[in-house]
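Colleague: I should be grateful for a close look at chain B, and in particular at its sheet. Please relate it to the rest of the chain and to its partner.

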Amino acid sequence: MATFVLVHGAWAGGAAWAEVADGLRARGHRVFAPTLTGIGERRHLLSGTINLSTHVQDIVGLIDSEGLSDVILAGHSYGGMVVTGVADRVPHRIRKLAYVDAIVPENGQSMLDVFGPERAVRIMADAAANGGTAIPCPSPSYFRLPPELEAQAGYAGTFQPLATFVERLRLRNGPWAGPRAYIVAGTYAGSIFLTRFWPRFSADPSWQCFEIPCSHTIQVEAPERLTEVLAELA
Amino acid sequence: MATYVIVHGAWGGSAGWTPTAERLRAAGHAVYTPTLTGLGQRKHLFSGAINLSTHVQDVAGVIESENLRDFVLVGHSYGGMVITGVADRFADRIRQLVYLDAFLPDDGTSAFDFIGREGTLHNIAGAGAHGGGVGVPPPDLSVFNVPSAQRALMQSTLSPQPIGTLIEKLKLTGAADRIPKRLYVWCSGYSPSIFTKAYERVKNDPKWQTEVMACGHVMMVDMPDRTFEILAGVA
């Protein structure tokens, strides 16, 4: 029996993990799927003061309050930024990091640094049209999610607090050197996950690597397969 | 199989309910234990802008995002304020209400209305002296007769309660009257208790079931087996 903490991506919420959480619990594991401040079920808390540090503390607070240790910490998409920060803050509590079609930042990078200047400028324009502090969710076609699954993913009508994309991640302990896994969405063609992260990590034996043939929102599109893969990491 | 939403009380977080939640899950139920903003694992979000409406929306957000229906809504202590506000908005989705040694507010009342004049002044003085005017410091858990073996550890996890959550008065439409079942659990093992009046009010009311637990206020720590049995028994 292992303890999983599942961290959702931008514009989403903990509810997106519902099927995976149920599947892991049915296999006897403990599962926590918190929602990051200002998004999903916590969208009523949206404000310009929420930054990446807030989201890292959301998860550190969970781990501290519940007294969790030996955690398998999974992050989806932007959640890769968050879990990288969490592992730096409480490395002794973490057994393994699992990046689920997720960003793997280098020390000192922000989400916008990872995206690069062209996309950063576009995101700034989107935020400018929304009070300057929140980024509207891209159209559903951006994630290539089947329309019947959109409601479960929870992207519609949500805003990502801008500073969560702008704040740079400062790692006190340097890059995570412990056990780690990368799970890539195999048919999200052209994504930075497939083009940038996957070629590096799938050739590196220090990473456990899995490819799941679906688009970006794996926990909603292929929950059974993702449950199997996560259980295999335990 | 039933679905439970369990709302914790003031000054603490949801972690105290995790063992109960895991036992209910092991029995086949789905359980959600949201943490109210500014408390417990979310104490880094503390601010003077948090009020009772924030906490009601914290729970409403879970219900909406997880699309919960036909669930048992449970509130402990101050959580009774929160679940009453939630029940007013989601009456048709709630199978049963469970108040665990909890506030049972009417329309237009706040937690301070139940705490009374002296208690309110004491809390406000604490907020003024130690909480920057916006945070009510935690009480000494001995007043709730928390078992001494667990008291120091539990005391160390408490943090200030946003004052607006205790001052804001609930606005209710009365929609929760439609909820078919309601249970009040009163803890008789400490005195004085600000929840005695609520229990006295409902114990002879045919719309209510009641239970008495001979323990202190924090029943899931004091009598975890009985707490689990009562909750599992309403499914």
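Modeller: The account below begins with chain B as a whole, continues with its sheet and the contact with chain A, and ends with the sheet of chain A.

The model is a predicted one, and its confidence values should be stated at the outset. Chain B has a mean pLDDT of 96, and 100% of its residues reach 70 or more. For the complex, the predictor reports an ipTM of 0.84 together with a pTM of 0.91.

Chain B contains nine helices and eight strands. Its radius of gyration is 16 Å, close to the 18 Å that the globule rule gives for 235 residues, so chain B is as compact as a globular protein of that length. The C-alpha trace of chain B spans about 45 × 40 × 35 Å along its principal axes. Of the 235 residues in this chain, 47% count as buried. Contacts within chain B also link distant parts of the sequence: among those between residues at least 6 apart, 73% join residues at least 24 apart.

The sheet of chain B is the part you asked about. Six strands make up this open sheet, in the order E2-E1-E3-E4-E7-E8, and their pairing is parallel. At the edges stand strand E2 (30–32) and strand E8 (209–213) of chain B; each has a single partner strand, so one side of each is left without a neighbour in the sheet. On average, neighbouring strands of this sheet are turned by 15° against each other, direction ignored.

One pairing in this sheet can be followed to the level of residues. Strand E4 (residues 94–100) of chain B runs parallel to strand E7 (residues 181–187) of chain B, and five bridges join the two. Gln96(B) has Lys181(B) in E7(B) as its bridge partner. Helix H3 (residues 79–89) of chain B packs on the sheet, where it touches strand E1 (3–7), strand E3 (71–76) and E4 of chain B. The direction of this helix makes about 150° with that of E3(B).

The contact between the chains takes 18 residues from chain B and 18 residues from chain A. On the side of chain B that touches chain A, the elements giving two or more residues are helix H1 (18–26) and helix H2 (52–65) of chain B. H2(B) gives the most to that side, with five residues. By class, this side of chain B has three nonpolar, nine polar and six charged residues.

The sheet of chain A may be set beside that of chain B. In chain A, six strands form an open sheet with parallel pairing, in the order E2-E1-E3-E4-E7-E8. Strand E2 (30–32) and strand E8 (207–212) of chain A stand at its edges with a single partner strand each, so one side of each is left without a neighbour in the sheet. The twist of this sheet averages 20° from one strand to the next. Strand E1 (residues 3–7) of chain A and strand E3 (residues 71–76) of chain A run parallel and are joined by five bridges; Val5(A) stands opposite Leu73(A) in E3(A). Helix H3 (residues 79–89) of chain A lies across E1, E3 and strand E4 (94–100) of chain A, and runs at about 150° to E3(A). Helix H10 (residues 223–233) of chain A also packs on the sheet, touching E1, E3, E4, strand E7 (180–185) and E8 of chain A. The direction of H10(A) makes about 170° with that of E8(A).

Notes:
Residues are numbered from 1 along each chain as its sequence is written. Chains are lettered from A and ligands numbered from 1 in the order in which they are written. This is a predicted model: local features need pLDDT of at least 70, side-chain atom pairs count only at pLDDT 80 or more; totals for chains, interfaces and linings use all residues. Two residues are in contact if their C-beta atoms, placed from the backbone, lie within 7 Å. Helices (H or I, at least four residues) and strands (E, at least two) are DSSP runs, numbered from the N terminus. Ala, Val, Leu, Ile, Met, Phe, Trp, Tyr, Cys and Pro count as nonpolar, Asp, Glu, Lys and Arg as charged, and the others, Gly among them, as polar. pLDDT is the predictor's confidence in each residue, from 0 to 100. The radius of gyration is taken over C-alpha atoms; the globule rule is 2.2 Å times the number of residues to the power 0.38. A residue is buried if 20 or more other C-beta atoms lie within 10 Å of its own, exposed if 12 or fewer, and partly exposed in between; C-beta atoms are placed from the backbone. Two strands pair if DSSP finds at least two bridges between them. Axes are lines fitted to C-alpha atoms, for helices over the stretch in contact, and angles run from 0 to 180 degrees between N-to-C directions.
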